[in-house]
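User: I would like to learn how to read the empty spaces and the helices in a protein model. Could you take me through them step by step?

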Amino acid sequence: MTRKQAATPPAARANAKANSHAGEDAVPASSRATRAAERRAAIVDAAMEEFIARGFAATRLDDIAKRAGVAKGTIYLHFKDKESMFEELVRTVIVPVVTRLTALPPPAGSVRDLVEAFASNFLKEVIGTRRGDLVRLIVAEGPRFPSVADFYYREVVSRGISAMRALIELGIARGEIRQKNLAHYPQILVAPAMIAVIWQSLFARHAPLDAQDMLRVHLDLIFGERSTT
């Protein structure tokens, strides 16, 4: 200890040391947060691949950890179990799409135009993508895992149903939709989109489906055929 250090009160030396460590830890803490976020994203990406390849029931945390390149214990730093990991996957991959699609613009055009835009964008964002694989996984395994199906309903399905019901009610008020009972069954409005998701994985190799054209025919049945003049 130098004379200058000896002359400094112990409390002051302690404060100076603490301040020094605080300055040293500021940058590493930021780096640790970045690395943690990257590991979490890698785990979610690996989980999606494993869930799609093996199904929800057969997927093991060991396999997810191996694919993500992390220790199994690292997974528990981010997720309490496989179910919470799947929920994060839905929030990350599907919920943003639904939020964007249901944020419909003010109804300046026809209700049919809005419905067609919604369904067409859904088909583009889901059919033939990993999102579509996740939807099919939920349809297949939801009955065995009710909590997973319940979460998907709350976060995704209920939002879509609410948006469709609002559009139907607007269409009825404007006279564009004559069948008023359709408001009780908004699922009918986007039924072609769900049929396309399921058909794509089961029967597309036998009978390819033009989902966009099917959608147009479906909307003709609800709104009437578009005038060609």
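**Reading spaces and helices**

Analyst: Let us begin with one enclosed space: F56, F86, L137, I138, E141, G142, F145 and V148 line the second largest cavity. This is a predicted model, in which local features need pLDDT of at least 70 and side-chain atom pairs count only at pLDDT 80 or more, while totals for chains, interfaces and linings use all residues. Residues are numbered from 1 along each chain as its sequence is written, and side-chain values use heavy atoms, with hydrogens and water left out.

User: What is a cavity, and what is a pocket?

Analyst: On a 1 Å grid over the protein atoms alone, a cavity is a set of points where a 1.4 Å probe fits but cannot get out, whereas a pocket is an open set with protein on both sides within 12 Å along at least five of seven lines; a lining residue has an atom within 4 Å of a point. Grid points are joined across faces, edges and corners, and a volume is the space filled by probe spheres set on the points. In this structure there are two cavities of 30 Å³ or more, and the second largest holds about 40 Å³ of space.

User: Which element gives the most to the lining of the second largest cavity?

Analyst: Elements are DSSP runs numbered from the N terminus, with helices (H or I) of at least four residues and strands (E) of at least two. Here α8 gives the most to that lining, with three residues. The chain as a whole has 11 helices and zero strands.

User: How many residues of each class are in the lining of the largest cavity?

Analyst: Ala, Val, Leu, Ile, Met, Phe, Trp, Tyr, Cys and Pro count as nonpolar, Asp, Glu, Lys and Arg as charged, and the others, Gly among them, as polar. The largest cavity, with about 60 Å³ of space, has eight nonpolar, no polar and one charged residues in its lining. Among the residues that line the largest cavity are F122, R131 and Y152, and α6 gives the most, with three residues.

User: Which residues are closest to the centre of the largest pocket?

Analyst: The largest pocket contains about 410 Å³ of space. Of its 20 lining residues, F122, V156, V157, V190 and M194 are the closest to the centre. The largest share of this lining, six residues, comes from α9, and by class the lining has 17 nonpolar, three polar and no charged residues.

User: How many charged residues are in the lining of the second largest pocket?

Analyst: That lining divides into seven nonpolar, two polar and two charged residues, around about 160 Å³ of space. Its largest share, five residues, comes from α8.

User: Which residues of α10 are buried, and why do they line one face of the helix?

Analyst: An α-helix has 3.6 residues a turn, so residues three or four places apart point the same way. In α10, the buried residues (under 20% relative accessible area with a 1.4 Å probe, protein chains only) are P192, A193, A196 and V197. Seen down the axis of α10, these residues fall within an arc of 145 degrees, taken from the directions from the helix axis to the C-beta atoms, so they line one face of the helix. They pack against α7, α8 and α11, where contact means heavy atoms within 4.5 Å.

Conventions
Buried < 20%, exposed > 50% of the residue type's maximum accessible area, 1.4 Å probe, protein only.
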